[in-house]
Amino acid sequence: MVTKKQHYVPQLLLRRFAVRSGNEERINVYDITRRQFRQNQSIKEVCSGNYTYDKDNSVERFLNEHIETPVAAELEKLASPTSRLSSVPSSPLLQFLLVQLARTRQAYQGNIEFINSMMQTVFAEAARLNGWDASVASQ
């Protein structure tokens, strides 16, 4: 089964701030883009988008199996009031934090802009080297 709603903030983090209502976990959120405070939102519906990563679940499955699941127990332990932080973070925790920085919408947009800029440079240089009209290459 393909997951349509793919979270850019993992549900395992959202659950730390959620309250159970019936069989659902709910959270209050502030939508920065719309400047709206929304109460009592299902964590299944927030910080997600339709097919955020892909339509075949390969990225979603990878994130779950190799990034989120390995760090889940450690995050649970860190949330404990008696937990002590190690001076050397574990590899799964570091991987999780780095992936979190890269999976935001802002990071995604920044990556797209970077790729577009690089491709324009590549096409312009290819045009220059081949004696083509550079304005045609940039279209």
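**Exercise 1. Work out whether Asn40 is buried, partly exposed or exposed, and describe its backbone.**

Solution. In this predicted model, Asn40 has a relative accessible area of 43%. Buried means under 20% and exposed means over 50%, with partly exposed in between, so Asn40 is classed as partly exposed. As for its place, Asn40 belongs to strand S4, which covers residues 36-42. Turning to the backbone, Asn40 has a positive phi of about 55°, although Asn40 is not a glycine. Most residues other than glycine have a negative phi.

**Exercise 2. Find where Tyr51 lies, and describe its phi and its exposure.**

Solution. Begin with the position: Tyr51 sits in the loop that runs between strand S5 (48-50) and H2. The next step is the backbone angle, where Tyr51 shows a positive phi near 50° in a residue other than glycine. Finally, the relative accessibility of Tyr51 is 32%, so this residue counts as partly exposed.

**Exercise 3. Check whether the length of helix H2 agrees or disagrees with the span expected at 1.5 Å a residue, and then locate its kink.**

Solution. Helix H2 takes in residues 58-79, which makes 22 residues, and at 1.5 Å a residue these should span 32 Å. The expected span is 1.5 Å times one less than the number of residues. The C-alpha atoms at the two ends of H2 are 30 Å apart, which agrees with the expectation. The helix nevertheless has a kink of about 45°, and this kink is centred on Ala72.

**Exercise 4. Identify the buried residues of H2 and the elements they pack against, then look at two of these residues in detail.**

Solution. The buried residues in H2 are Glu60, Leu63, Ile67, Glu68, Val71 and Leu75. To read such a list, recall that an α-helix has 3.6 residues a turn, so residues three or four places apart point the same way. The buried residues of H2 pack against strand S1 (5-7), helix H1 (11-14) and helix H3 (91-102).

Take Ile67 as the first case. Its relative accessible area is 6%, and Ile67 is therefore buried. When neighbours within four places in sequence are left aside, Ile67 is in contact with Phe62, Gln95, Phe96 and Val99. One of these partners, Gln95, is 28 residues away from Ile67 in sequence, yet their C-alpha atoms are 6.8 Å apart in space.

Val71 is the second case, and its relative accessibility of 0% makes it buried. With neighbours within four places in sequence again left aside, Val71 is in contact with Pro92, Leu93 and Phe96. The C-alpha atoms of Val71 and Leu97 are separated by 9.9 Å, with the two positions 26 residues apart along the chain.

**Exercise 5. Describe the surroundings of His7.**

Solution. His7 has its place in strand S1, and because its relative accessibility is 5%, His7 counts as buried. Its contacts, leaving aside neighbours within four places in sequence, include Leu14, Ile43, Val46, Tyr53 and Arg103. Glu60, which is among the buried residues of H2, is also in contact with His7. Ser48 is another contact of His7, and although the two residues are 41 residues apart along the chain, their C-alpha atoms are separated by 3.9 Å.

**Exercise 6. Test helix H4 in the way that H2 was tested, and follow the chain beyond H4.**

Solution. H4 has 26 residues, which at 1.5 Å a residue should span 38 Å, and the end C-alpha atoms are 37 Å apart, which agrees. Gly131 follows H4, and its phi is positive, near 70°. Further on, Asp133 is found in the loop between H4 and helix H5 (134-137). Asp133 is partly exposed, because its relative accessible area is 48%. The C-alpha atoms of Asp133 and Ser117, which are 16 residues apart along the chain, are separated by 18 Å.

**Exercise 7. Describe the volume and the lining of the largest pocket.**

Solution. The volume of the largest pocket is about 590 Å³. Its lining is made up of 19 residues, and those nearest the centre are Tyr8, Tyr30, Asp31, Cys47 and Arg105. Sorted by class, the lining holds nine nonpolar, five polar and five charged residues. Strand S3 (24-31) and helix H4 (105-130) each supply at least two lining residues, and S3 gives the most, with five residues.

Note on methods:
Residues numbered from 1 in each chain as written. Predicted model: local features only at pLDDT ≥ 70, side-chain atom pairs only at ≥ 80, totals over all residues. Heavy atoms only, no water. Helix = DSSP H or I, 4+ residues; strand = E, 2+ residues; numbered from the N terminus. Bend = angle between axes of the 7 residues up to and from the residue. Buried < 20%, exposed > 50% of the residue type's maximum accessible area, 1.4 Å probe, protein only. Contact = heavy atoms within 4.5 Å. 1 Å grid on protein atoms, 1.4 Å probe; cavity = no way out; pocket = protein on both sides within 12 Å on 5 of 7 lines; lining within 4 Å. Points joined across faces, edges and corners; volume = space filled by probe spheres on them. Nonpolar A, V, L, I, M, F, W, Y, C, P; charged D, E, K, R; others polar.
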